[in-house]
Amino acid sequence: MVFTMPQLPRVANLIAGEWVDGSGADTLDVLNPATGEVLTSFRGSTADDVDAAVAAARAAQPAWGALSARQRSEALHAISAEFSDRLDEFVALEVLDAGKPLSAARDAELPDIADSVRHFAGAARTLSGQASGEYVPGTSTFIRREPVGVVAGITPWNYPLWQAVWKIMPALAAGNAVVIKPAELTPLSTAAFADLAQKHLPPGVLNIVNGYGSVVGTALASHADVNLVSFTGSTATGRNIAQAAAASPIRTVLELGGNAPVIVFEDVDVDASASLIVEAALYNAGQECMAATRLIVAEPIAERFFDAVVKNLEQVRLGETTDEATTLGPLISAAQLARVEKLIAGRPSSASLRFGGTRPDRAGFYLEPTLITGLSQDDDLVQHEIFGPVLTGQTFADESEAISLANGVGFGLAGSVWTRDVARGLRVVNALNFGNVWINTHLVVAPDLPIGGLNQSGYGKEGGQLGIEEFTRVKQVGISLT
């Protein structure tokens, strides 16, 4: 695929099957993070726009939920087929407004999203439940899974289309109506997907409201006619969403920040492991909540391993996102770039900047891939989610210390263990307080598998059977046998 400029979708609100501009006073610009240039602009929305979208979803949901699982699945498979046919268009949109390198979007991310659309189109046909039976004498009891009603999805800017699909498709499959609020920085691919999807859905089943999170997100999270809020984003914003939802109360699924430990024992193949870990650290310019960020390396191989990491960082190709050779794209915005630079600049004097750490002389929001070693557990670079192309390095003397360092942060989303010792690998996995843990690999995801965090990384699951069932409610039905 040679990159060609796509036709940009209209960024507006989709309410009851009609596209309408937001009623807010603000005009928001969508920038290309590789150049800083304005791609398009749109009107922000207000709480009144949210009210209209939720009302449309509330009106459309009963009929959609009353369809059989097969009927809903057929509609979603029609969406899947058209999406697959137009995949190149969505690749181009993600390259433009999310700053993703063309090769990564084309060869990995968008094919995986297409696979997710296909998966969720059929997954709700096999919901699980407790077996029916006579748990109380004289009464036969069974369990029903039903749609929760209206689902509000609030998506992040780092995976705009991926996260929209992982909220929209399973929620619709389970019989819910949906209102999606895309990140204001990256609304293009979600707008295009909603425009595609609505052709195969009854009006009002899928709605979209664009605007600032502080306005639209807050209005959705606190809306009395919303039954579930699924949010992916920062821990700080997640707390606000949970607090707003608690007033009603509204169920929430929160997939929040991460700060993944990568424990490397002395028996690994240093060169092979370093290559895989750097790839998992720099994917999406490190703007990935499960990125392989915190290197925790056994003392006997630490220097050799960090040298191998540097060799891999030297091979990274930073450049235009439309260039096939580019492997590292820009950060999403000037604000995000400044935040990461501030963390790097605030490193302690005892730390060693082994590679990178500076902004290249070019347009856009780029940062060189970076390795900083010699850090202590209480340093900001260790305790905070960096969300950029930055790896940190610490060392450990034994297994117990490695586990302590890994668990010694507030987050609990993802981590990995690298060793040839199977028993040790399983011991460490069992001891790690993270919702997703890999051995000798990192950042392996699929729509068949649940993703979710612990501690400050949130609660609930996305993906897999557990993720589908988050969008259902359980009803117990008892029938007297007398």
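This is a short group-meeting talk on the salt bridges, one helix pair, some backbone details and a surface patch in a single structure.

Okay, hi everyone. Before anything else, please keep in mind that this is a predicted model.

Let me start with the charged pairs. How many salt bridges does a search of the whole structure find? The count comes out at 24. I'll go through a few of them.

The first one I want to show is Arg-106 with Glu-324, where the closest N and O atoms sit 2.7 Å apart. What I like here is the sequence separation: this pair links distant parts of the chain, 218 residues apart. Arg-106 belongs to helix α4, while Glu-324 is in the loop between α10 (302–314) and α11 (334–345). So are the two partners buried or exposed? Arg-106 has 18% relative accessibility, under the 20% cut-off, so Arg-106 counts as buried. Glu-324 comes in at 41%, so that one is partly exposed.

Next up, Arg-144 and Glu-146. Their side chains meet in a salt bridge at 2.9 Å, N to O. Here Arg-144 is partly exposed, with a relative accessible area of 41%. Glu-146, on the other hand, counts as buried because its relative accessibility is 7%.

Then there's Arg-424 with Asp-267, a salt bridge at 3.2 Å, again N to O. Where do these two residues lie? Arg-424 is in helix α14, residues 422–431, and Asp-267 is in the loop between β12 (261–264) and α9 (270–282), so the pair ties together parts 157 residues apart in sequence. On accessibility, Arg-424 is buried at 12%, and Asp-267 counts as partly exposed at 22%. For Asp-267 that's a call made by the cut-off, because buried means under 20%.

One more item on charges, and this one isn't a simple pair. Glu-82, Arg-86, Glu-89 and Lys-199 are linked in a network of salt bridges. If you're clicking along in the viewer, put those four residues up together.

Right, helices. When two helices pack, we describe them by the angle between their axes and the distance between the axes. The pair I picked is α3, residues 87–98, and α4, residues 102–123. What angle do they pack at? It's about 125°, with the axes 9 Å apart. Angles over 145 would count as roughly antiparallel and 65 to 115 as roughly perpendicular, so α3 and α4 end up oblique to each other. As for handedness, α3 passes α4 in a right-handed crossing. And α4 is the helix we met a minute ago, with Arg-106 in it.

Now some backbone details, since I know somebody will ask about torsions. Which peptide bond is cis, with omega near -15°? That's the one from Ser-248 to Pro-249. Pro-249 lies in the loop between α8 (235–246) and β11 (251–255).

On phi, I have two residues to mention. Ala-285 has a positive phi of about 55°, although it is not a glycine. You'll find Ala-285 in the loop between α9 and β13 (294–298), and Ala-285 counts as buried, because its relative accessibility is 3%. The other is Leu-443, with a positive phi near 65°, and that's not a glycine either. Leu-443 sits in the loop between β19 and β20 (454–455).

Let me move to helix α10, with two residues to look at. Asn-312 is found in α10, and at 22% relative accessibility it counts as partly exposed. The C-alpha of Asn-312 is 10.0 Å from the C-alpha of Pro-369, and the two residues are 57 apart along the chain. Glu-303 is found in α10 too, and is partly exposed at 49%. Why not exposed? Because exposed means over 50% relative accessible area. C-alpha to C-alpha, Glu-303 and Thr-373 are 9.8 Å apart, with their positions 70 residues apart in sequence.

Last stop, the surface. Which residues make the nonpolar patch of about 260 Å²? They are Val-422, Leu-426 and Ile-439. Ile-439 is in strand β19, residues 436–439, and counts as partly exposed at 33% relative accessibility. Val-422 and Leu-426 fall within the residue range of α14, 422–431, the helix that holds Arg-424.

That's what I had. Happy to take questions.

Conventions:
Residues numbered from 1 in each chain as written. Predicted model: local features only at pLDDT ≥ 70, side-chain atom pairs only at ≥ 80, totals over all residues. Heavy atoms only, no water. Patch = residues over 30% accessible without salt bridge, like charges linked within 9 Å, V, L, I, M, F, W, Y side chains within 5 Å. Areas by Shrake-Rupley, 256 points an atom, 1.4 Å probe, with all protein chains shown as cover. Helix = DSSP H or I, 4+ residues; strand = E, 2+ residues; numbered from the N terminus. Buried < 20%, exposed > 50% of the residue type's maximum accessible area, 1.4 Å probe, protein only. Axes fitted to C-alpha atoms, helices over the stretch in contact; angles between N-to-C directions. Parallel < 35°, antiparallel > 145°, perpendicular 65-115°, else oblique. Left-handed = near helix turned anticlockwise from the far one by under 90°.
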